[in-house]
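Dear colleague,

I am passing on the model we spoke about, and my notes on it follow below the structure. Please read them with the coordinates open beside you.

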Amino acid sequence: TGVGASIAYNRDYYGFKGWSKTAIAYGEGMASNRGVNFGSWNGGFGKDSSALFFTSYGVAEVAPRLQLGSELTYWAPQHVSWADPRADLNVARTIFALQPSYKINDNLRLILTGSYANEKVEDQNGKAQWGRTDVNTQFYALEVATAFTVDADYWGRPQIKPFVTWVKSSDENASGAISIDSTKDNGKLSTSQVFFGVEAEVWF
């Protein structure tokens, strides 16, 4: 059992040309996952669990060919047992990201993305902290990508997007959380990695 509620506000880009959405949600018990979650429910939430969720994101029309996307999100689930059934975790996650993109022509867009995230983990029972030496972890990411599409608008789809991404974690024991290869380098786990790939998005 559980109860949750959320409210969202849509407007221009905080007083500038564009659009934005701001939402806040709260849930307890089974509904702790962002307050409202239609379709599926995550495990690890119990009768004493609760969570506060806040997000604000949008896209600014800076110029006819230049757009700026941004996101700020905070999520704080309390009394959850994701890592270990014996655990009583309080988690706080914050992420901030910026994504400027430039329309080169009707079929090509250049995209840059930068993000910073912080995750605090506190175990009330002292049973598990996901194997981390630092429970206040910083994550960083930078990406350069080009999107080939029939319509190079910000939401132009379908698209094929080659990308290069660099990611870094402040704690080697948390590197796996952002898919960093766990191969040891001089006796230590890697804390950063560069990824190359091609992403395809086919939705309308």
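Asparagine 118 counts as buried because its relative accessibility is 11%, where buried means under 20% relative accessible area, exposed over 50% and partly exposed in between, calculated with a 1.4 Å probe on protein chains only. Before going further, I should say that this is a predicted model, in which local features need pLDDT of at least 70 and side-chain atom pairs count only at pLDDT 80 or more, while totals for chains, interfaces and linings use all residues. Residues are numbered from 1 along each chain as its sequence is written, and side-chain values use heavy atoms, with hydrogens and water left out.

Asparagine 118 belongs to strand β6, residues 108-123; strands (E, at least two residues) and helices (H or I, at least four) are DSSP runs, numbered from the N terminus. A polar atom of the asparagine 118 side chain lies 3.5 Å from the backbone oxygen of threonine 137. Threonine 137 also appears among the residues in contact with asparagine 118 (heavy atoms within 4.5 Å) once neighbours within four places in sequence are set aside, the others being Ala92, Arg93, Thr94, Asn136 and Gln138.

A second buried polar residue is threonine 165 in strand β8, residues 159-169, which counts as buried because its relative accessibility is 11%. Its side chain makes a polar contact of 2.6 Å with the side chain of glutamate 143; such a contact is a pair of N or O atoms within 3.5 Å, where within protein one must be able to donate a hydrogen and the other to accept it, and residues adjacent in sequence count only if both atoms are side-chain atoms. Beyond four places in sequence, threonine 165 is in contact with Leu142, Glu143, Gln193, Val194 and Phe195.

As for the chain as a whole, it has zero helices and 11 strands, and 35% of its 204 residues count as buried. Among its contacts with a separation of 6 or more, 53% are between residues 24 or more positions apart.

Strand pairing (at least two DSSP bridges between two strands) can be followed through β3, residues 45-61, which runs antiparallel to β2, residues 16-29, with 11 bridges joining them; there, isoleucine 24 has phenylalanine 54 of β3 as its bridge partner. β3 also runs antiparallel to β4, residues 66-80, through 13 bridges, and phenylalanine 53 stands opposite tryptophan 75 in β4. Four residues lie between β3 and β4 in the hairpin that they form.

With best regards
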